[in-house]
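These are my notes from going through one model. I list what I looked up, entry by entry.

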Amino acid sequence: MSNTPMAASPLTRAVLEIDEYASGLGWDQPARLFALVDTARLRTQEPGLARQLGLEDEQATTGLTPVEQDEIPVGKPLDEFLGTIAWPDAVVGCALTVERLMLPPSAEASVPEGLSGKKLTQWVAAHPDRQEVRMTVGVLRDGTRDSALRLREKDASTEVLTGAGLVPGLADALSATFAD
């Protein structure tokens, strides 16, 4: 298991574990999608897979295990890709880690009118106050959400911000992958 705090909820621990994994890969990585499965159920129903994932000796009886999925197609908008996903019943949640540029709220007033799409992206990329951020967002079938944000300029596990409402749009999109 990772260095995530044991007092945290299983979803928070899973989101922080994914953030830690992504951090180990470095920056400038593609988005990564994870299925979240119940660890105890995985050990019982899929002992071979649990062994492969190093979970056979885990003492915890509760928890979530992130299982990385195939690569997200390059060139396909993330929202369109997420709209194509359907999860089997064994998957209790999912998580996504993605890097983006963001601006502080103070920069909103300076956005030129009429910019959208590529032009807006280029404008943000050239803005002197832009920040690179890695967002890891996890959701469960029951609607529970959590997120972890890591700024590139403060790239340390002690500087990761967590909270359920940090990236609501992405959480909504992930939740929609469980809609019937």
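**Entry 1: D19.** I looked up D19 and found it in helix α1. The model is a predicted one, and I read every value below with that in mind. Is D19 buried or exposed? D19 has a relative accessible area of 2%, so I put it down as buried. I then listed what D19 touches, leaving out residues up to four places away in sequence: R134, T136, A148, R150 and V160. Two of the names in that list, R134 and R150, are arginines, and Arg is counted as positive while Asp is counted as negative.

**Entry 2: Y21 and F34.** I searched for aromatic pairs and got two. One of them joins Y21 and F34, with 6.0 Å from centre to centre and 90 degrees between the planes, and is edge-to-face. Which parts of the chain does this pair tie together? Y21 belongs to helix α1, residues 10–25, and F34 to strand β1, residues 32–38, so the pair connects parts 13 residues apart in sequence. I checked the cover of each ring. Y21 is partly exposed, at 38% relative accessibility. F34 is buried, at 3%.

**Entry 3: W87 and F178.** The pair of W87 and F178 is stacked, with 6.2 Å between the centres and 25 degrees between the planes. I noted where the partners sit, 91 residues apart: W87 is in the loop between α4 (78–82) and β3 (91–102), and F178 is in the segment after α6 (168–176). The pair thus links distant parts of the chain. W87 has a relative accessible area of 12% and is buried. F178 has 13% and is buried. Both values fall under the 20% cut-off for buried.

**Entry 4: D28.** I went on to the loop between α1 and β1, where D28 lies. D28 is not a glycine, yet its phi is positive, about 65 degrees. I asked whether D28 is buried or exposed. Its relative accessibility is 56%, so D28 counts as exposed.

**Entry 5: A50.** I placed A50 in helix α3, residues 47–52. A50 is buried, with 2% relative accessibility. How far apart in space are A50 and A40? I read 9.4 Å from C-alpha to C-alpha, for a separation of 10 residues in sequence.

**Entry 6: L101.** I found L101 in strand β3. I looked at another pair of residues 10 apart in sequence, L101 and V111, and their C-alpha atoms are 14 Å apart in space. L101 is partly exposed, at 35% relative accessibility. Setting aside neighbours within four places in sequence, I listed its contacts as V124, A125, R130, Q131 and E132.

**Entry 7: E71.** I located E71 in the loop between β2 (64–68) and α4. E71 is exposed, with a relative accessible area of 72%. E71 and A31 are 40 residues apart along the chain, and I read 8.0 Å between their C-alpha atoms.

**Entry 8: the whole chain.** I turned to the fold last. I counted six helices and six strands in the protein chain. How do these elements run from the N terminus on? I wrote the order down as α-β-α-α-β-α-β-α-β-β-β-α. The radius of gyration is 17 Å and the globule rule gives 16 Å for 180 residues; the two are close, so the chain is as compact as a globular protein of that length. Along the principal axes, the C-alpha atoms fill a box of roughly 55 × 35 × 25 Å.

**Entry 9: cover, contacts and charge.** Buried residues make up 37% of the 180 residues. Of the contacts with a separation of 6 or more, 66% come from residues 24 or more positions apart. I noted an exposed area of about 10,400 Å², of which carbon and sulfur atoms supply 51%. How many side chains of each charge does the chain have? I counted 16 positive and 27 negative side chains, and the centres of the two sets lie 3 Å apart.

Conventions. Residues numbered from 1 in each chain as written. Predicted model: local features only at pLDDT ≥ 70, side-chain atom pairs only at ≥ 80, totals over all residues. Heavy atoms only, no water. Helix = DSSP H or I, 4+ residues; strand = E, 2+ residues; numbered from the N terminus. Rg over C-alpha atoms; globule rule 2.2 N^0.38 Å. Buried < 20%, exposed > 50% of the residue type's maximum accessible area, 1.4 Å probe, protein only. Contact = heavy atoms within 4.5 Å. Areas by Shrake-Rupley, 256 points an atom, 1.4 Å probe, with all protein chains shown as cover. Charge placed at Lys NZ, Arg CZ, Asp CG, Glu CD. Phe/Tyr/Trp six-rings, centres within 6.5 Å; stacked < 30°, edge-to-face > 60°.
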